[in-house]
Amino acid sequence: MPPRAEEPRRDPSGSRRGSSRATGGRGEPRTGEPGVQGISDARAYTPRGRTVREERQAAGRPTAGGAEQRRTPRGARAGGDPFRPALQVLDGGRAARREPVPAARAAVVRTVPTRARPDDDDDAPRPPRRRPPGRGPRRPTRPAAGRSPRKPRKPPRLADPRRRLRLGTLLVLVLFAAIGIRLVFLQAVDTPAYAGGGLANRLTRVDLPAPRGAIYDRTGAPLANSVEARYVFADPTQVKDRTETARALSPLLGRPASELAERMKPRTLENGKSSQFEYLARGVDIPTAKKIVALDLYGIGVHRDERREVPGGDLAANLIGFTSQDMVGLEGLEARYDDLLRGENGRRVYEAGQGKLDAPIPGGYSSTTPAKPGSSLQLTIERDLQFKAQQVLKTQVAKAQGSVGVAIVLDVPTGEVLAQASHPTYNAAKPQESEPTDREDAATSFVVDPGSIHKAITFGAALQEGVVTPDTALPIPDTIVKGDTTFRDTHPANGQRMSLPGMLAYSSNVGTIEIADKLGPDRLIDYQKRFGLGQPTGEGIPGEASGRLLPVQSWSESSYGSVPIGHSVDATPLQMAAAYAAIANNGTYVQPHLIKEVISGRDGSRTPGKAPVTRSVLSPANAAALRTMLEAVTTVDGATGLAAAVPGYRVAGKTGTGIRYVDGKQQPGEVGSFIGMAPADNPRFVVAVFVWSPGGGGGAVAAPAFRDIMGFTLSRNRVPPSGAPAPKFEVFPR
């Protein structure tokens, strides 16, 4: 039988030792084989994978035995492969399980100790180590007394690159999945919320001004209207050179360069921020605005504006009034009907870019609220008649060096105001160049003691109450005493019997007081109220004065003489004109008014103005009788109103001399007046003229002014002349 390999033994250090040499049964080497030292040198490998002999040859040292040993071929079995120790080192120290090699085939001795595999258990059996030849088997290793066998350190576990690759791939996929899901939510689910959240920062708001309504005369001619214009503004934070910029704008805007430079000066607002907007001019016409834009000045801008135009300048300016630069009515009808004329501004809101992309975003949010244009007013005023009244009034007032004049033309059947002139007047297009007193409407704010024109009210009340008749004649003394005041006539009757037409023709104070004594104060005050005294007419002008009536309980003894002849009574020219219009209208009072129609700014529909208040004051017969008696004022020789006669027409009216009070104080001079109607037999128009002259002489100019205005009004409206002459009046009947 072939000899068996010697079983390995363990040395005291615990390592395996054994011999792999082939023996003849006694441990002797075979004949012809190299010695043990040669074998170990030839087959022992360094950590670099070379044999000890090769290492020595590389170092220049001789090998043992002097002979070069041949390496075992690669095709040797795993159990006897000399390269296995090196491969075990490269493989992490793992030792492959080998089958026992027969002693006859064991040709080499492994000198490289095998390393324990890191994943082997400590208790697993270790392969035996081969001992060099000549050594016997070692006794089993005994553990040292009091010491436990030391466990070899496990080598670190090497990471698996495939595992890292799979983990990294998984993380990337999870990240992309999360991003994709979030994008889906942003684009589909949360889109409205995010789009709406940033919408406010992208919105641009542009106001769409509502055109202010116009004011027309009764024929449709414009008295005031709005036109498109531009305003020029400055951003002080952007202006580079205030002085040069102001010099460039001064000739175009018609303003001093120093004023413009002052407006462009940087300012700090109340909130601590710098002002970025200052008006330089308003209502600039479009051609001028284009020239300013062409200058391309830093910090200077132009934007749409509106300018109020008054074609007639001062025509009906005291009635129309004016607006501010912001198109807000400040005086006159512009202020009274501001809400109606102004309309409602619109607004356009749209998404726009920033910087050079400041333009509407196609497909972005856009909303437009159209502006609602203001409604227009069509007045009862007739432009040509208004111009004539102002022209005549100005001429006559200049003769008397008067300071205040009023002319009113009323249409008798309707109560429409055809003309309402005041002097002084102003240019409504440039109100800043006038004084506040020039802008007052004297017809509704000029409060006076009407004087003798009030006598028509006393006579009308007496006729209506049956105290007198048209044929009544009374003896009239030269004077009459009431309380501590003596009243006398300018045309003494010397106690003769005087007719009612005669009393009106000569404006008898004594005769009027005697008729009022028969009437009584209570009934006189009642008729004053019926004729519209003591309360505003409601014509439509803001700030209209109401006048004042003296209550009966406040009458003194002298009041019984002063009130019937028009003193101790406060009234406006318009109130007195409306009272005479009631006499001309067969005794029916019609409230005077200025608004004929309201024209809607949306669809152009027309709405008649508010219906005037009407009431009966006198019977038609008594009104007709009173009109006939008033004709004596313009026809009787020596009468006070001869200068008011209009050729070809019968005129009924009354002169008056009154007193003006301001803040309860009597003013110097007198207020001359004349109120009349024509044709007297069928009145169409009533004209009232008041002139206050500090130096006197108002009565001398009021009647001629009435004549010129009434004559123009009759001819313009093609009123035919009276067919029959005025009746003959007897002043002192026998």
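This is a short talk about the fold, the buried helices, the nonpolar cores and one pocket of the structure above.

Before anything else, please keep in mind that what we are looking at is a predicted model, and that every value I mention was computed from it. The protein has 734 residues, of which 43% count as buried, and its secondary structure comes to 23 helices and 25 strands. If we take the contacts with a separation of 6 or more, 71% of them are accounted for by residues 24 or more positions apart.

Let me turn to the interior. The largest nonpolar core has 128 residues, and those with the most contacts inside it are Phe-531, Val-686, Val-689 and Phe-690. The element that gives the most to this core is helix 20, with 10 residues. There is also a second, separate core, made of 14 residues, which include Ala-246, Leu-253, Val-284 and Ile-292. As background, nonpolar side chains in soluble globular proteins tend to be buried together. To give one example of the surroundings in the largest core, Val-689 touches, among others, Leu-393, Val-406, Phe-674, Phe-706 and Ile-709, once residues up to four places away in sequence are set aside.

Helix 20 deserves a closer look. How many of its 12 residues are buried? The count is 12 of 12, and the list, which includes Pro-573, Gln-575, Met-576 and Tyr-580, ends with Ala-584. As for its length, 12 residues at 1.5 Å a residue should span 16 Å, and because the end C-alpha atoms of helix 20 are 17 Å apart, the two figures agree. Just after helix 20, Asn-586 takes a positive phi of about 55 degrees.

Within helix 20 we find Ala-579, and this residue counts as buried because its relative accessibility is 1%, where the cut-off is under 20%. Leaving aside neighbours within four places in sequence, Ala-579 is in contact with Ile-457 and Phe-531; Phe-531 is one of the residues with the most contacts inside the largest core. Ala-579 and Ile-457 are 122 residues apart in sequence, yet their C-alpha atoms are 7.9 Å apart in space.

Ile-457 brings us to helix 15, where it is one of the buried residues. Helix 15 covers residues 455-464, and 9 of its 10 residues are buried, with Lys-455 and Thr-458 among them. What covers these buried residues includes helix 16, helix 17, helix 18, helix 20, helix 21 and strand 22. Just after helix 15, Gly-466 takes a positive phi, here of about 75 degrees.

A lysine in a strand comes next. Is Lys-482, which lies in strand 15, buried or exposed? Lys-482 counts as buried because its relative accessibility is 16%, which falls under the 20% cut-off. Beyond its neighbours within four places in sequence, Lys-482 is in contact with residues including Asp-517, Glu-557, Ser-558 and Tyr-560.

Finally, the second largest pocket, in which about 820 Å³ of space lies. Of the 31 residues that line this pocket, the closest to its centre are Arg-282, Arg-307, Gln-325, Ala-429 and Gln-432. The elements that give two or more residues to the lining are helix 7, strand 6 and strand 7. By class, the lining has 13 nonpolar, 8 polar and 10 charged residues.

Note on methods:
Residues are numbered from 1 along each chain as its sequence is written. This is a predicted model: local features need pLDDT of at least 70, side-chain atom pairs count only at pLDDT 80 or more; totals for chains, interfaces and linings use all residues. Side-chain values use heavy atoms; hydrogens and water are left out. Buried means under 20% relative accessible area, exposed over 50%, partly exposed in between (1.4 Å probe, protein chains only). Helices (H or I, at least four residues) and strands (E, at least two) are DSSP runs, numbered from the N terminus. Contact means heavy atoms within 4.5 Å. A nonpolar core is a set of buried Ala, Val, Leu, Ile, Met, Phe, Trp, Tyr and Cys residues joined through side-chain atoms within 4.5 Å. The expected span of a helix is 1.5 Å times one less than its number of residues. On a 1 Å grid over the protein atoms alone, a cavity is a set of points where a 1.4 Å probe fits but cannot get out, and a pocket is an open set with protein on both sides within 12 Å along at least five of seven lines; lining residues have an atom within 4 Å of a point. Grid points are joined across faces, edges and corners, and a volume is the space filled by probe spheres set on the points. Ala, Val, Leu, Ile, Met, Phe, Trp, Tyr, Cys and Pro count as nonpolar, Asp, Glu, Lys and Arg as charged, and the others, Gly among them, as polar.
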